[in-house]
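Let's take a walk through this protein together, one piece at a time. Keep the picture open while you read.

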Amino acid sequence: MATEILINDGGAPARILPFVAAEDITAGNALTFDTSGEAKNANSGDSAGDQFAVCGYALTTITSGNVVSVISGHGVILNVNCADLNAGVGLMMGTTDGRLLAATNATTKPSCQATTLENNSAAGLTKVITH
């Protein structure tokens, strides 16, 4: 694997499941599913049904129409595509495809999807623990 995404292989109850990619997906991106059950990059601008729920994270980079391995589970430590943040920040889906940003307390959004475990100094892959 060119990009190491899964940090604690076997250390937490993670599942890696195959889904068809609805679009090009980069390893470490947060994912949701479209109405056909295909994986796509998470984006808060998506339709209401899949707007704020991250369903997993891409293990590898893949092009549209191919099978992407999706990591899901609670308490899994991963390298995930995040905005420029400090350690200890709760995360939610943002407006950039596949990238998480600092969670807000808005009542229309679910609680945070993950928490950063390191300062990343710039947007990109960041060590997080999933919720």
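**A first stop inside the sheet**

Start with asparagine 41, which counts as buried at 6% relative accessibility. Here, buried means under 20% relative accessible area, exposed means over 50%, and partly exposed is anything in between (1.4 Å probe, protein chains only). Before going on, a word of caution: this is a predicted model, where local features need pLDDT of at least 70, side-chain atom pairs count only at pLDDT 80 or more, and totals for chains, interfaces and linings use all residues. Residues are numbered from 1 along each chain as its sequence is written, and side-chain values use heavy atoms, with hydrogens and water left out.

Back to asparagine 41, which you'll find in strand 3. Strands are DSSP runs of E with at least two residues, helices are runs of H or I with at least four, and both are numbered from the N terminus. The side chain of asparagine 41 makes a polar contact with the side chain of asparagine 29, at 2.8 Å. A polar contact is a pair of N or O atoms within 3.5 Å; within protein, one must be able to donate a hydrogen and the other to accept it, and residues adjacent in sequence count only if both atoms are side-chain atoms.

Asparagine 41 also has a bridge partner, leucine 31. Strand 2 (residues 30-33) and strand 3 pair in the antiparallel sense over three bridges; for two strands to pair, DSSP has to find at least two bridges between them.

Now zoom out a little. Strands 2 and 3 belong to an open sheet of five strands, in the order 1-5-4-2-3, with antiparallel pairing. Strand 1 (15-20) and strand 3 (39-41) stand at the edges with a single partner strand each, so one side of each has no neighbour in the sheet. From one strand to the next, the twist averages 50°, with axes taken as lines fitted to C-alpha atoms (for helices, over the stretch in contact) and angles running from 0 to 180 degrees between N-to-C directions.

**The whole chain**

How many helices and strands does the protein have? There are zero helices and ten strands, so the pattern along the sequence reads β-β-β-β-β-β-β-β-β-β. Of its 131 residues, 40% count as buried. Contact means heavy atoms within 4.5 Å, and among contacts between residues at least 6 apart in sequence, 59% join residues at least 24 apart.

**Strand 6 and its surroundings**

Next, find strand 6 (residues 77-82). Five of its six residues are buried, so strand 6 is largely enclosed by the rest of the structure. Isoleucine 77 lies in this strand and counts as partly exposed, at 22% relative accessibility. Its C-alpha atom is 10.0 Å from that of histidine 131, although the two residues are 54 apart along the chain.

Cysteine 82 is in strand 6 too, and is buried at 0% relative accessibility. Strand 6 pairs with strand 10 (residues 124-130) in the antiparallel sense over six bridges, and the bridge partner of cysteine 82 there is glycine 124. Leaving aside neighbours within four places in sequence, cysteine 82 is in contact with residues including Leu91, Asn120 and Val128.

What about cysteine 55? With a relative accessible area of 36%, cysteine 55 is partly exposed. A disulfide is a covalent bond between the sulfur atoms of two cysteines. A search of the whole structure finds zero disulfides, where the test is a pair of cysteine sulfur atoms within 2.5 Å.

**Strands 7, 8 and 9**

Which residue stands opposite glycine 90 in strand 9? The answer is threonine 115, which is buried, with a relative accessible area of 17%. Strand 7 (residues 90-93) and strand 9 run antiparallel, joined by two bridges. The side chain of threonine 115 makes a polar contact with the side chain of histidine 131, at 2.6 Å. Threonine 115 also touches several residues more than four places away in sequence, among them Gly88, Leu91 and Ile129.

Strand 7 pairs with strand 8 (residues 100-102) as well, in the antiparallel sense over three bridges. In that pairing, leucine 91 stands opposite alanine 102. The hairpin of strand 7 and strand 8 has six residues between the strands, and glycine 98 takes a positive phi near 80° there.
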